[in-house]
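Please open the structure in your viewer and keep the selection panel at hand. The stops below follow one another through the fold.

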Amino acid sequence: MIEGKMMQLTGRRAASLVGIAAIGLSLTAAHPVPHDGPRPPASANPEAPVDAATPVGTVMAFHAALASGDTDAALTYLAEDVVIFESGGVENSRAEYASHHLEADAAFSAAVPRALVSRTHGMQSDMAWVMSVETVTGTYRTRAINSRSVATMMLRQVTGQWRIVHIHWSSADIS
């Protein structure tokens with residue numbers, strides 16, 4: 001299934017995503033930005049200001065919108081051509097994400113708090129990357145959740161605003 005979805009990416013778009021990832025990872029390795037320390041999840045204080053004018057702020061605003069159940073707001077932080085890798089699957093656009101996993105992601109985010117463990121980020125020209133490690137602990141639909149979540153988000157400036165163009169999420173249970 002993944003191969004078929006990946007084949008749907010145009011050669012230019014696939015090359016662009018590979019290039020974006022390579023730039024982000026190589027720059028992070030060469031010039032790591034100090035990570036943020038542990039902090040409460042964005043949903044713990046919905047009144048806390050989030051500066052969506054920065055790449056990190058955009059990622060935080062996206063998570064805050066999901067956690068508050070505001071799926072319309074969450075979608076505004078995604079580029080129309082966003083590519084999302086999650087649980088071995090691929091969603092190739094904002095519209096596809098909206099019709100498949102958005103509601104479930106919002107319900108999960110609203111029910112289960114997450115706490116930031118570390119974050120690195122960087123920027124080159126109109127591209128940026130934000131890599132986060134979080135703990136996710138709580139209950140979702142009577143199921144106890146105790147996991148470590150990692151996310152890589154690539155962002156691009158679109159008409160002067162940061163938009164997420166790629167998300168790769170994964171998680172594993174904490175023993």
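Begin by selecting Phe 62 in this predicted model. Leaving aside residues up to four places away in sequence, Phe 62 touches Ala 74, Tyr 77, Leu 78, Tyr 97, Met 153, Ile 164, Ile 167 and Trp 169. A second core, separate from the largest one and made up of six residues, may be highlighted next; among its members are Met 127, Trp 129, Met 154 and Val 165.

Return now to the largest nonpolar core, which has 24 residues. Within this core, Phe 62, Tyr 97 and Ile 164 have the most contacts. Two or more residues each come from helix 3, helix 4 (71-76), strand 1 (78-86), helix 6 (102-111), strand 4, strand 5 and strand 6. Which element gives the most to this core? Helix 3 does, with six residues.

Select residues 55-67 to display helix 3. Its 13 residues reach 19 Å from the first C-alpha to the last, close to the 18 Å expected at 1.5 Å a residue. Is helix 3 mostly covered or mostly uncovered? Helix 3 is mostly covered, with eleven of its 13 residues buried; these include Pro 55, Val 59, His 63 and Ala 67. Just beyond the helix, select Gly 69, whose phi is positive, near 80°.

Next, select Ile 164, which lies in strand 6. Ile 164 counts as buried because its relative accessibility is 0%. Not counting residues up to four places away in sequence, Ile 164 touches Thr 58, Phe 62, Tyr 77, Leu 78, Ala 79, Val 82, Met 153, Met 154 and Leu 155. A distance label between the C-alpha atoms of Ile 164 and Thr 58 should read 7.9 Å, although the two are 106 residues apart in sequence.

The last stop concerns the strands. Select residues 127-140 (strand 4) and 143-158 (strand 5), which pair in the antiparallel sense over 14 bridges. Met 127 has Arg 156 of strand 5 as its bridge partner. Two residues stand between these strands in their hairpin, where Arg 141 takes a positive phi near 50°.

Then add residues 161-173, strand 6, which pairs with strand 5 in the antiparallel sense over twelve bridges. Here the bridge partner of Arg 148 is Ala 172, in strand 6. The hairpin of strand 5 and strand 6 likewise has two residues between the strands, and Thr 159 takes a positive phi near 45° there.

Conventions: Residues are numbered from 1 along each chain as its sequence is written. This is a predicted model: local features need pLDDT of at least 70, side-chain atom pairs count only at pLDDT 80 or more; totals for chains, interfaces and linings use all residues. Side-chain values use heavy atoms; hydrogens and water are left out. Helices (H or I, at least four residues) and strands (E, at least two) are DSSP runs, numbered from the N terminus. The expected span of a helix is 1.5 Å times one less than its number of residues. Buried means under 20% relative accessible area, exposed over 50%, partly exposed in between (1.4 Å probe, protein chains only). Two strands pair if DSSP finds at least two bridges between them. A nonpolar core is a set of buried Ala, Val, Leu, Ile, Met, Phe, Trp, Tyr and Cys residues joined through side-chain atoms within 4.5 Å. Contact means heavy atoms within 4.5 Å.
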